Amino acid sequence: MKSKRLLLILTGLVIAMVINSCKKSGQSPIQGLFVGGTWQLTSLQVTYWTGNQADSTVTLAVPCKEDFTFNADNTCTYTNFDCITQTSPAAAWSLTGDQLYLQTNVVCKDTVSGSVVSTTPFSYASIQNLGQFSLVLWTGDIQPNYSLTAKRKIYQYGFVRQKVNGVD
């Protein structure tokens, strides 16, 4: 009887070791949602705040095709930012430990006060929504601690995942 129990325990241990030794991808499910396709910008809103009170929101037109691509090797690119024909060089992307913020060092040309300058628009972006087909990022003055009288400006970028060769 004891030998059967010992054999059963050893068999269980061997099965557990085999299951745990399987190769893991190293990606969390949240990271996996970013990769595997291109995210096309479909909406852009700017909200002006005083402290925690929204003063006004402006919805801006998205007249050209702007795309954000995240790769499994943690590089990303952005094309046609601010409707300026461009493809950014590959840049690093990562998520914060709590996976609530996206950090990238993607550099894009942007029009500011009539001049074209280089910016890092998604250096620290709050992930407001992330699903298989939609992504909403907040950038700008998104720091968690602010004065109740401070003027803030938050950009809300809405993206949808594009099909790759007709496949979702």
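Hi everyone, let me start with the disulfide: the torsion about the S-S bond of cysteine 64 and cysteine 83 is about -100°, so this disulfide is left-handed. Its two sulfurs sit 2.0 Å apart, and the pair links distant parts of the chain, 19 residues apart. Cysteine 64 lies in the loop between strand E2 (53–60) and strand E3 (67–70), while cysteine 83 lies in the loop between strand E4 (75–79) and strand E5 (91–95). Please keep in mind that this is a predicted model.

Are these two cysteines buried or exposed? Cysteine 64 has 22% relative accessibility, so it counts as partly exposed. Cysteine 83, at 35%, counts as partly exposed too.

Now for two other cysteines. Cysteine 76 takes part in no disulfide. Why is there no bond between cysteine 76 and cysteine 108? The sulfur of cysteine 108 has its closest cysteine sulfur in cysteine 76, but that is 8.7 Å away, which is too far for a bond. For reference, a disulfide here needs the sulfurs within 2.5 Å. Cysteine 76 is buried, with a relative accessible area of 0%, and cysteine 108 is buried as well, at 1%. That leaves the structure with one disulfide.

Let me step back to the whole protein. You'll see two helices and eleven strands, and from the N terminus both helices come before the strands. Of the 168 residues, 33% count as buried. The protein exposes about 10,400 Å², and carbon and sulfur atoms supply 58% of that. Finally, among contacts with a separation of 6 or more, 49% come from residues 24 or more positions apart. Thanks for listening!

Technical notes: Residues are numbered from 1 along each chain as its sequence is written. This is a predicted model: local features need pLDDT of at least 70, side-chain atom pairs count only at pLDDT 80 or more; totals for chains, interfaces and linings use all residues. Side-chain values use heavy atoms; hydrogens and water are left out. Helices (H or I, at least four residues) and strands (E, at least two) are DSSP runs, numbered from the N terminus. Buried means under 20% relative accessible area, exposed over 50%, partly exposed in between (1.4 Å probe, protein chains only). Contact means heavy atoms within 4.5 Å. Accessible areas come from the Shrake-Rupley method with a 1.4 Å probe; for residues, only the protein chains shown count as cover.
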